[in-house]
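Q: I have a new structure open and want to get to know it. Can you walk me through it, starting with how the chains hold on to each other?

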Amino acid sequence: MSSLRDFSKKKKPEDYYVNLIQELERINGRLHAFNEISHDVDRGFPISVKDNICVDGMEATASSRMLKGYKPPFDATVVQKLKDAGFSVLGKTNMDEFGFGSFGINCISPARNPFDEERVAGGSSSGAAVAASIMKYHLAIAESTGGSISAPACFCGVVGFTPTYGVISRYGLIDYANSLDKIGFIARSSEDISDVFKLSVGKDGFDSTCADFKPLKKEKDRLVIINQLYERLDKGIKASFDRSVRRLSAKGFKIGYEDVNEIGYAVPAYYIVSMAEASTNLAKYTGFKYGEQLTDFSMDYNSFFSASRNVFGEEAKRKIVLGSFIRSASVRSMYYEKALKVRRLIINRLKEILDGSFIISPSMPVLAPKIEEARAFTPVQNYSMDVLTIPPNLCGFPSISLPSDYVGGLPTGMQIIGDHMEDLSILSFGKEWEKDFIYRFKYNIGEI
Amino acid sequence: MKIGLEVHVALPTRSKLFCSCSTADADQPNTNVCPTCMGLPGSKPYLNGEAVRIAKSVCIALGCVVNGSISFVRKTYFYPDLPKSYQITQIDGAIGRDGKIKLENTEIRIRRVQIEEDPAKLIREDRYSLIDFNRSGTPLVEIVTEPDIKSEKELKEFLYVLWSILYYLGVDIDKEIKTDLNISLGSNRVEVKNVTGIKNLLDAAAYEASRQASLLSRGNEPVKETRRYDERSQRTEPSREKESEEEYGYIYETDLEDYDTSKIKTGDIEADVRKTAKSIASRNGLDYDTIMQLVAFDRHSLSLLNHGLNSTAYDPSTILNVVEAGKRFRSSVNEKSFSLIAEYIKAGVQIDKEIMERIRKGLKPDYKTPDKLKIREFISKELENDPDILKRYRKNPKVIDFIVDTVSRKYGLPQKSVAEEAKKILTGEDD
């Protein structure tokens, strides 16, 4: 049974929400899943909202000092839809600043992995994955640009679902890269996500890139592994993934291997497009309209705008500098325009495969690293962690990360990619997987 | 001399380009605003189809190729009036390109017509500035010409024709017009940015022409630079602005889908103004220049001519008078009202507010069978209000003019008939 139905059927003690919030606040002190916990919740299935998604009257900081104090006067469309359906917003979840990161460490207090608190929760939707991992009844609204749902879901042993680009309205999402950003969900089962996904889709007058969801229904029993990605896996992950593939094979799936020579260009193309877009999105933070306010008005405009940029974290600054460079007229055709072409090529090639198959891979090429290890990574090492999650994100394909194994007490994840509009099919795949693979959790806050 | 222009004009839509806020003037600053036109984090733009429709009409009127699919770009720069620190505008995916405007002796090519959003308004006070976002997000078209204008006279003529075309499409000159003026007498291009209004534009061009000419006459080449026009001193001066195209860092605005313009119906207003003027001229024996002068700056007049002259031929002087009257009173425009105005004019009736009111009601002048008794009745009624008039008339016969005027106006009667009868009454003569 989905935990949504289970929750509504169960009789809850009168002080259920008070206790839930108290317990959550206690554990949040260690795990930093939430930037803000609401005290107004007294009914409904508890959901959380990533802190780059607007909830009327609650701070939306995207975990940036730049947005400290910004309380949007409106709900994101997805939040509005779920509120209307009776869900209650329990709080705003921690993340890498503006979504820039794969480990959740680019913020003031990084979220910690419930399976090993020395380790990262994954990013950028770090708090969303932790929230789903520690609460018995919970659904987290998250967002992915290049893997920000799959990565933390994988590290925290929960299900992360990234829908087809444009089927869930982005209205109310604080942009990272507009052509890549997708609002999705993290929860404890594919079934829970499936229920909520259906409530969240639909054309929206406030986001013109949002299209009607027209599900593509194709019977598929073939799973394709891309050789060039498989070869890059480290031993432990490879062995764990092989075990999952054998399980799937035993369930009757046919396993195929395909070459995708273009796939190596996915990461650079992704970072070029996302940085170009991000650098324009970050331009609006100028320190005098909302969020962080500069107080020295004696400077001229240029100095003032330069001073306002100091509030950004290091990765945000890197994206501004690189993104602005990429956009400059003298190199635009070398990088930006080329990246858009590469993206088109990769979409076409992967669509050929997805015509009759799903694509599978591990979700992340490594186990969750220790926070200190992750902090020592170079930017290029960081970016290469997204090698498996970028292809579907770059192409706008729906993907799901399912807990697939436990290695040394840490969860690993398996990522399934479907064709555009095959969202329900990959969620069904998840439900099938969950029939005989039992997920493990360290906490069950809110258990009834 | 080589002059090229980038002309920005507001499109007459009821709501803004990317949100549903009103474009109407508001009494209070920052009241016609929402998260989108304030650029609040989390907001998104949503394209106003009406703005695209009007822009398409503009393109057609300017003889442009209309792109079937249009896209937008972000032009990034920092200024306090720009809420997102980028402006949503168009380049390659612009709505129109390769048009032209025909002048008397030459042709000015239009390179591009693009749709873009207006920034907010900065209100400069002594020691600080205020920002009013009511204007933020107002739809504009930017019309970019090739540097084909070769004299101040041509510049004037170009503006005259351009504005008459835009007016006909409902693009209102009363709203602020901003122009970037590129002007060079030598080999270096000088750009005068952000000139507001037509008069200032002509003045700025005149000033630059003489400034550059005087430099050249002394053997100095004017330097390539951006200048600004100062209204008070009526001079241009070097601007501190240093943005180049390089620094704008254009990328696609991926919050907006490509927009299909091929299905937009632009209606019959897309008829080319010049063609219309020409056909009016040939139909009625007026010369083309006269028609253009009549309609320039005034779409009502062209519309009046075009709709009024469908079937009937009028003599040129009547047409001029009708347009003159129509201009003054912004009358409703159709064939019937045109012919009515013409009838009143033929009858020698001075067209004024009351007559226009009669015309609006479809009332014809009463002159056809000037019932003398009726006229006398009207006059007598008028005289009752002014018992001393006879005394005054004896001293000054001109007093009669006032009565005649009043009566003919009130009842739509020819002045001549009224005057005759009035004279008879006042002098005691009888038939």
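A: Let's start with a term. A salt bridge is a side-chain nitrogen of Lys or Arg within 4 Å of a carboxyl oxygen of Asp or Glu. Keep in mind that this is a predicted model.

Q: Which residue of chain A forms a salt bridge with Asp255(B), and how far apart are the closest N and O atoms?
A: The partner is Arg170(A). The closest N and O atoms are 2.8 Å apart, so the pair falls within the 4 Å limit.

Q: Where do the two residues sit?
A: Both are in loops. Arg170(A) lies between strand 7 (159-162) and strand 8 (182-187) of chain A. Asp255(B) lies between strand 15 (251-252) and strand 16 (259-260) of chain B.

Q: How many salt bridges are there between chain A and chain B?
A: Two. Over all chains, the count comes to 48.

Q: And how many residue pairs are in polar contact between the chains?
A: There are 19 such pairs between chain A and chain B, with both residues at pLDDT 80 or more.

Q: Which helices of chain A each supply at least two residues to the side that touches chain B?
A: Helix 9 (266-281), helix 10 (301-309) and helix 12 (336-354) of chain A. Helix 9 gives the largest share, four residues.

Q: What classes of residue make up that side of chain A?
A: It has 20 nonpolar, eleven polar and ten charged residues.

Q: How many residues does each chain bring to the contact?
A: Chain A brings 41 residues and chain B brings 35.

Q: What area is buried between them?
A: About 3000 Å². Carbon and sulfur atoms give 60% of that area. The size of an interface is often given as the accessible area lost when the parts come together.

Q: New topic: confidence. What does the model score?
A: The ipTM is 0.94 and the pTM is 0.83.

Q: What about chain B, what is its mean pLDDT?
A: The mean is 83, and 82% of the residues of chain B reach 70 or more.

Q: Where in chain B is confidence lowest, and where highest?
A: Lowest is helix 8 (residues 299-308) of chain B, with a mean of 63. Highest is strand 5 (residues 86-89) of chain B, at 98. Where pLDDT is low, the predicted coordinates should not be read in detail.

Q: On to rings. How many aromatic pairs are there over all chains?
A: The count is 38. One of them is Phe103(A) with Phe377(A).

Q: Why is that pair tilted?
A: The planes of the two rings are at 45°, so the pair counts as tilted. The ring centres are 5.5 Å apart.

Q: Where are the two Phe residues along the chain?
A: They are 274 residues apart. Phe103(A) is in the loop between strand 3 (88-93) and strand 4 (112-113) of chain A. Phe377(A) is in the loop between helix 13 (371-376) and helix 14 (379-384) of chain A.

Q: Now the backbone. Which residues does a cis peptide bond join?
A: Gly123(A) and Ser124(A), with omega about 10°. Ser124(A) is in the loop between strand 5 (116-120) and helix 4 (126-134) of chain A.

Q: What about His32(A), is its phi positive or negative?
A: Positive, near 50°. His32(A) is in the loop between helix 2 (16-31) and strand 1 (34-37) of chain A. Most residues other than glycine have a negative phi, and most peptide bonds are trans.

Q: Last one: what does Cys34(B) touch, leaving out residues up to four places away in sequence?
A: Cys34(B) touches Cys19(B) and Cys21(B). Cys34(B) is in the loop between strand 1 (2-10) and helix 1 (35-38) of chain B.

Note on methods
Residues are numbered from 1 along each chain as its sequence is written. Chains are lettered from A and ligands numbered from 1 in the order in which they are written. Side-chain values use heavy atoms; hydrogens and water are left out. pLDDT is the predictor's confidence in each residue, from 0 to 100. Contact means heavy atoms within 4.5 Å. Buried area is the accessible area (1.4 Å probe) that two parts lose on being put together, summed over both. A polar contact is a pair of N or O atoms within 3.5 Å; within protein, one must be able to donate a hydrogen and the other to accept it, and residues adjacent in sequence count only if both atoms are side-chain atoms. Ala, Val, Leu, Ile, Met, Phe, Trp, Tyr, Cys and Pro count as nonpolar, Asp, Glu, Lys and Arg as charged, and the others, Gly among them, as polar. Rings of Phe, Tyr and Trp (its six-membered ring) pair if their centres lie within 6.5 Å; planes under 30 degrees apart count as stacked, over 60 as edge-to-face and the rest as tilted.
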